[in-house]
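Let's take a walk through this fold together, starting with the sheet and moving out to the helices.

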Amino acid sequence: MGFADALLTGLAVDGGLYCPAEVPELPPLGETIEYSEVAAAVMWPFVEGAIEADAFRSIVIDAYAGFRHPDVCPIRELGDGHHLLDLAQGPTLAFKDVALQLVGRLLDHELGRRSQQVTVLGATSGDTGSAAIEALAGRSNVQVVILHPAGRVSDVQRRQMTTVDAANVRNVAVAGTFDDCQDLVKAAFNEPALREEFGLAAVNSLKWARVMAQIVYYVTAARAVRADGGPVSFTVPTGNFGNILAGWYAKRMGLALDQLVVASYRNDVVTRFFETGALTATTVHRSLSPSMDIQISSNFERLLWEASGRDGSGVSELLTRFRMESHVDVDPVWVRRIRSEFDAGRLDDEGTLAEMAHQYNRLGLLIDPHTAVGTEVARRLRRDPDTPMITLST
């Protein structure tokens with residue numbers, strides 16, 4: 001399947017996730033510093049053949065023209081070689097804007113070219129929904145239906161989603177958790193007749209185009225702090241695993257990365273995997289970081305597939321048992337391969353509030369709880385003080 005078909009389809013017909021058949025090398029970037037120019041160059045190998053080069057470049061430039069900072073994703077120094085990558089400069093103040101402002105335009109372009117319409121169906125713990133609606137509201141070729149867990153998103157994000165006056169946008173509050181919303185979306189995509197009737201498409205992090213767009217800011221951040229091209233490390237507040245997975249793909253493309261650190265909160269299914277070698281889903285706890293209130297980390301499926309040697313049937317069987325039993329032991333060979341690529345840590349409520357106070361008292365910098373999880377875990381797990389550490393501020 002080509003990029004354009006994967007863009008419109010979302011999930012594969014068997015319920016699996018699309019991944020690139022080959023991971024390209026990073027292109028030579030020379031002295032290029034404009035974010036949109038770097039983005040167009042880094043993503044081009046994934047989209048080549050699906051869209052004209054000039055059209056793609058124009059879409060990328062337009063996607064980032066509305067961001068408040070000229071660098072799109074600026075860097076801030078925290079001290080001692082620790083940096084903050086600010087991903088909240090988009091229209092909804094969430095890092096999801098970086099990918100969805102682009103994906104919305106790519107969808108509209110491809111649908112217009114095909115004279116088609118789709119219904120975008122997505123699940124959100126808050127930030128994806130508001131960012132997707134902002135990117136797609138008023139677009140003539142797209143209907144938007146977003147599911148969110150009632151009472152489990154921030155009030156700001158609930159208002160961002162539910163007060164948009166656009167005829168093509170619908171919101172559904174679900175009595176349950178984010179994982180319940182995600183299960184409803186995946187069930188809909190697994191019904192071929194339903195998919196065909198409504199032309200279902202996805203925008204949440206199950207869509208490969210979103211992971212692709214997130215690769216870019218790993219490249220720009222690394223270039224900003226290491227002009228010599230030397231290694232850098234990243235710490236990422238992690239729920240659904242798409243954001244840090246983009247960093248792993250950046251490394252596969254040739255970016256010099258030392259550590260990739262998973263920073264979890266109270267709902268720490270991924271960190272528990274690194275400790276036990278098993279996937280175990282427990283009760284989803286409400287936390288100060290609602291976008292990480294997840295027990296089924298969907299994008300982890302892509303990493304399992306890569307770690308398994310791309311054994312699709314083996315991963316499918318494993319995840320089917322996980323969803324049925326809420327616990328599954330992962331092949332030790334796969335576990336060793338994944339552990340060799342990542343470090344993982346967690347932070348609780350008390351530690352999060354203490355870290356927010358710590359950064360405010362030091363720098364006058366007010367960070368959100370998600371970011372605080374990242375900065376504290378980054379300091380604690382950083383191996384090499386001479387290698388710059390970059391925490392993603394979401």
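What follows goes from model confidence to the sheet, then to the helices on it, and last to two helix pairs.

A quick word on trust before we start: this is a predicted model. The protein chain has a mean pLDDT of 91, with 95% of its residues at 70 or more. Confidence peaks in β2, at a mean of 98, and bottoms out in α11, at 84. Keep that last one in mind, since α11 comes up again below.

Now find the sheet. Its 6 strands are laid out in the order β1-β2-β12-β7-β8-β11, and the sheet is open, with mixed pairing. At the edges you'll see β1 (75–79) and β11 (343–346); each has a single partner strand, so one side of each has no neighbour in the sheet. Going from one strand to the next, the twist averages 25°. Zoom in on the β11 edge: β8 (residues 257–264) runs parallel to β11, and 4 bridges join the two. If you want a landmark there, V262 has A344 of β11 as its bridge partner.

Next, look at what sits on the sheet. Helix α10 (residues 242–252) lies across β7 (232–237), β8 and β12 (389–393), and runs at about 170° to β8. Then there's helix α16 (residues 369–381), which touches β1, β2 (82–86), β7, β8, β11 and β12 as it packs on the sheet. The direction of α16 makes about 130° with that of β8.

Helix α16 also has a helical partner. How do α15 and α16 cross? The axes of α15 (residues 349–363) and α16 come within 9 Å, at an angle of roughly 85°. That falls in the 65 to 115 degree range, so the two helices count as roughly perpendicular. On the α15 side, the contact is made by T352, E355, M356, H358 and Q359; α16 brings P369, A372, V373, T375, E376 and R379. That contact is a mixed bag: 4 nonpolar, 4 polar and 3 charged residues.

The other pair to look at is α11 (residues 269–276) with α14 (residues 332–339). Their axes are 10 Å apart and the packing angle is about 115°, and these helices are therefore roughly perpendicular too. The crossing of α11 past α14 is left-handed. Here F273, F274, E275 and T276 of α11 meet V335, I338 and R339 of α14. By type, the residues of this contact split into 4 nonpolar, 1 polar and 2 charged. As noted above, α11 is where the chain's confidence is lowest.

Methods: Residues numbered from 1 in each chain as written. Predicted model: local features only at pLDDT ≥ 70, side-chain atom pairs only at ≥ 80, totals over all residues. Heavy atoms only, no water. Pairing = 2+ DSSP bridges. Axes fitted to C-alpha atoms, helices over the stretch in contact; angles between N-to-C directions. Contact = heavy atoms within 4.5 Å. Parallel < 35°, antiparallel > 145°, perpendicular 65-115°, else oblique. Left-handed = near helix turned anticlockwise from the far one by under 90°. Nonpolar A, V, L, I, M, F, W, Y, C, P; charged D, E, K, R; others polar. pLDDT = per-residue confidence, 0-100.
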